[in-house]
Amino acid sequence: MRLYYKYSEYLKEKYGVKVYKLPVNLQVTCPNKDGKLSRESCIYCSACGAGFESLPSSICIREQLKRNKTYIKKKYKAERFIAYFQNYTNTYMPLSQFKLAMEEALIDDIVEIAISTRPDCIHDDYLTFLQKLAHKHHVHVTIELGLQTANYHTLYKINRGHGLAEYIDACQRIKKYGLSLCTHVILNLPWDNKRDVVETSKLVSVLNNDQIKIHSLYIAKNTPLAKMYLDKEFELSKDDYISSVIVFLEYLNPHIAVQRLLSRAPEEETIFCNWNTSWWKLRDEIEARMIEGQSYQGKRYDYQNGKAVHDLANQ
């Protein structure tokens, strides 16, 4: 039995060849930064959002894709590609501008468009366009939502600017239009406990996510979170994180593909990231712990479809 459903397996099954993401950096911001909701942003958000590996947004979309494609095709031997609109909130722009950006990404060998955004920036008009784009150009569309946690108290603490209702609404709308859904979660937020990790796993499972992206909390320089960390308001335990990943996977629907188990961020941009350990070493440690404990994705996935009457239904 496999430990967990790796994203690379998911892509190979879906497309039949090796597929790799090409990051795209748009000139966009976030309603939690520009004053629509707040000017303070999430307490962990760096000045560049999440786009550490992206080319400058001043370069046009097609040129970004072509440059990244040339590099990644040579390095990773990929045959097809996903245009990944990664940085900040990529549906937070006028619909006319959004349409142009998505259409510009349709270069040769692009089989999918992935769009990273917030739950409160999902609107039917944008989804209608994406559904038509997918059918017209025979590309898949995945929307990646930043949730982080099912603990709404923590969402308030980290200044996300939305709660669980917005996330649930966004998931239901995305699936209604036949688009793929991915959710981002952080499994070691200082205000969460293991119960919150379990509930987050159960929530993303019952809302029919196709993929999940698991993050370890890194601390970017010059953020409110950095000040809290330097003031020793919390500590981050590697063992606690590993056990959180394992329990999250055990409750996760086994058909949900796992994009990653850890965050990655450049050392020069952070004051803390992954306990100064390479991400792949930590991944290997997580997998070794799972093997030792006979753990696997979906081991405790027994809570849907009326758990209390499972046995009665067979009588």
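Helices and strands here are DSSP runs, numbered from the N terminus. With that in hand, let's look around this predicted model. Its open sheet is built from seven strands, and helix H9 (residues 238-251) lies across three of them: strand S5 (180-186), strand S6 (211-215) and S8.

**The sheet**
- Reading across the sheet, the strands come in the order S1-S2-S3-S4-S5-S6-S8, and their pairing is parallel.
- Strand S1 (19-24) and strand S8 (257-260) sit at the edges, so to speak: each of them pairs on one side only.
- Going from one strand to the next, the twist averages 25°.
- As background, strands in a sheet pair through backbone hydrogen bonds, and that can happen in a parallel or an antiparallel way.

**A closer look at S3 and S4**
- Six bridges link strand S3 (residues 110-117) to strand S4 (residues 140-148), in the parallel sense.
- Find Ser116 and you'll see Glu144 of S4 standing opposite.

**Helices on the sheet**
- Helix H4 (residues 124-137) packs on the sheet and touches S3 and S4.
- The direction of H4 makes about 145° with that of S4.
- Helix H9 runs at about 170° to S6.

**Spotlight on Ile72**
- You'll find Ile72 in helix H2 (residues 61-76).
- Ile72 counts as buried because its relative accessibility is 6%, and the cut-off for buried is under 20%.
- Leaving aside residues up to four places away in sequence, Ile72 touches Tyr20, Lys21, Leu22, Lys77, Ala78 and Phe81.
- Take Lys21: it is 51 residues from Ile72 in sequence, yet the two are 8.7 Å apart in space, C-alpha to C-alpha.

Note on methods:
Residues numbered from 1 in each chain as written. Predicted model: local features only at pLDDT ≥ 70, side-chain atom pairs only at ≥ 80, totals over all residues. Heavy atoms only, no water. Pairing = 2+ DSSP bridges. Helix = DSSP H or I, 4+ residues; strand = E, 2+ residues; numbered from the N terminus. Axes fitted to C-alpha atoms, helices over the stretch in contact; angles between N-to-C directions. Contact = heavy atoms within 4.5 Å. Buried < 20%, exposed > 50% of the residue type's maximum accessible area, 1.4 Å probe, protein only.
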